[in-house]
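User: I am new to this structure and would like to know how its descriptions are justified. Please take the terms one at a time.

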Amino acid sequence: MKICVAKDYNEMSRKAANIIGAQVIMKPNCVLGLATGSSPIGTYKELIKRYEEGDLDFSQVKSVNLDEYKGLPRENDQSYYYFMNDNFFNHINIDKENTNVPNGMEPNAEEECARYEELINSLGGVDLQLLGLGHNGHIGFNEPAPQFDKVTHCVDLQESTIEANKRFFASADDVPRQAYTMGIGTIMNAKKIVVVVSGEDKAEIVNKAFFGPVTPEVPASILQMHPDVTIVCDEAAYSKVAR
């Protein structure tokens, strides 16, 4: 595991974009695993800027997103399908046919999860997976649990996750209670993983996830076992790690 400490959120975003940009240059038809939430927005802005400057070409890139709320239509501005188009895909030259997000409107969870898992496998797996880190250690929507869930599955969101996400909705009652998410095993199959974390409010979980014991109660702790993980965090997020 490689730890890269940036001065602030903007520098963290630039450093993460450097790694993703290098992946696209080295393998123009790579498969990117992408994340939503506030943490990666700066990274996407950096990548858009580099595309606009002519430094990056996404025309052959394929993407698979980590997760999607169950029961939220794609047109809803809080769906992750909407988020990805609004914050990234609409601003680069990626072929929308090559972008993939779980179908939150598929009521049959077993069918949708099997379809999405098969889709990832059919693309040859993920070359680089971008992750954020939840306050309770979740990655994707893999919540603390008695065991690690291996493949794409439907998850009941914990109250702490609903609480963290309610700021994006009119009220907490509007936050979906379930989501489709890549499993821990699916994430761990990515050839390379980049985690972006910023803010003092994430300092405790950074210490616990990346310097504590590996346990499904802290899902991100499994990343300690991956052969190629880079944690890009700002100084605030790194502040509780023993030097």
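User: Which residue stands opposite Leu130 in β9?

Analyst: Val194 in β9 stands opposite Leu130. Please note that the model is a predicted one.

User: What makes β6 and β9 a pair of strands?

Analyst: Two strands pair if there are at least two bridges between them. β6 and β9 are joined by 4 bridges and run parallel, so they satisfy that definition.

User: How many bridges join β2 to β6?

Analyst: There are 2 bridges, and the two strands run parallel. At least two bridges are required, so β2 and β6 count as paired. Gly33 has Gln129 in β6 as its bridge partner.

User: Which way do the residues of β6 point?

Analyst: Leu128 and Leu130 point one way, while Gln129 and Leu131 point the other way. All of these are buried. In a regular strand, side chains alternate between the two faces of the sheet.

User: What is the order of the sheet with 7 strands?

Analyst: The order is β1-β10-β9-β6-β2-β3-β5, in an open sheet with parallel pairing.

User: Why are β1 and β5 called edge strands?

Analyst: Each of them, β1 (2–6) and β5 (99–100), pairs on one side only. β5 runs parallel to strand β3 (residues 62–65), to which 2 bridges join it. Within this pair, Ser63 stands opposite Thr99 in β5. Helix α4 packs on the sheet and touches β3 and β5. The direction of α4 makes about 150 degrees with that of β3.

User: What is the order of the sheet with 3 strands, and what is the sense of its pairing?

Analyst: This open sheet has the order β4-β8-β7, and its pairing is antiparallel. Its edge strands are β4 (67–69) and β7 (153–156), each pairing on one side only. From one strand to the next, the twist averages 25 degrees.

User: How do you know that β8 pairs with β4 and with β7?

Analyst: The bridges decide it. β4 and strand β8 (residues 178–181) share 3 bridges in the antiparallel sense, and β7 and β8 share 4, also antiparallel. Pairing takes at least two bridges, so both cases qualify. Glu68 stands opposite Tyr180 in β8, and Thr181 in β8 is the bridge partner of His153.

User: Which residues form the covered face of β7, and which the uncovered one?

Analyst: His153 and Val155 form the covered face, and Cys154 and Asp156 the uncovered one.

User: How do you know that the length of helix α2 agrees with what is expected?

Analyst: Helix α2 (residues 41–52) has 12 residues, which at 1.5 Å a residue should span 16 Å. Its end C-alpha atoms are 17 Å apart, so the two values agree. After α2 comes Gly54, whose phi is positive, near 85 degrees.

User: Which residues of α2 are buried, and what do they pack against?

Analyst: Gly42, Thr43, Tyr44, Glu46, Leu47, Ile48 and Arg50 are the buried residues. Their packing partners are α1 (9–26), β2 (31–34), α3 (80–87), β6 (128–131) and β9 (192–197).

User: Why are α2 and α3 called oblique to each other?

Analyst: They pack at an angle of about 40 degrees, with their axes 10 Å apart. Angles under 35 degrees count as roughly parallel and those from 65 to 115 as roughly perpendicular. The angle of α2 and α3 falls in neither range, and the pair is therefore oblique. In the contact, Ile41, Tyr44 and Ile48 in α2 meet Phe83, Met84 and Asn87 in α3. These residues divide into 5 nonpolar, 1 polar and no charged.

User: Why does Ile162 count as buried?

Analyst: Its relative accessibility is 3%. Buried means under 20%, so Ile162 meets the definition. Ile162 is placed in helix α5 (residues 159–165). Not counting residues up to four places away in sequence, Ile162 touches Leu157, Ala172, Val175, Pro176 and Arg177. Ile162 and Arg177 are 15 residues apart in sequence, and their C-alpha atoms are 7.5 Å apart in space.

User: What is Ala109 in contact with, leaving aside its neighbours within four places in sequence?

Analyst: The contacts are Lys70, Cys154 and Tyr180. Ala109 lies in helix α4 (residues 109–122). The C-alpha atoms of Ala109 and Val155 are separated by 9.7 Å, and the two residues are 46 residues apart along the chain.

Note on methods:
Residues are numbered from 1 along each chain as its sequence is written. This is a predicted model: local features need pLDDT of at least 70, side-chain atom pairs count only at pLDDT 80 or more; totals for chains, interfaces and linings use all residues. Side-chain values use heavy atoms; hydrogens and water are left out. Axes are lines fitted to C-alpha atoms, for helices over the stretch in contact, and angles run from 0 to 180 degrees between N-to-C directions. The expected span of a helix is 1.5 Å times one less than its number of residues. Buried means under 20% relative accessible area, exposed over 50%, partly exposed in between (1.4 Å probe, protein chains only). Contact means heavy atoms within 4.5 Å. Angles under 35 degrees count as roughly parallel, over 145 as roughly antiparallel, 65 to 115 as roughly perpendicular and the rest as oblique. Ala, Val, Leu, Ile, Met, Phe, Trp, Tyr, Cys and Pro count as nonpolar, Asp, Glu, Lys and Arg as charged, and the others, Gly among them, as polar.
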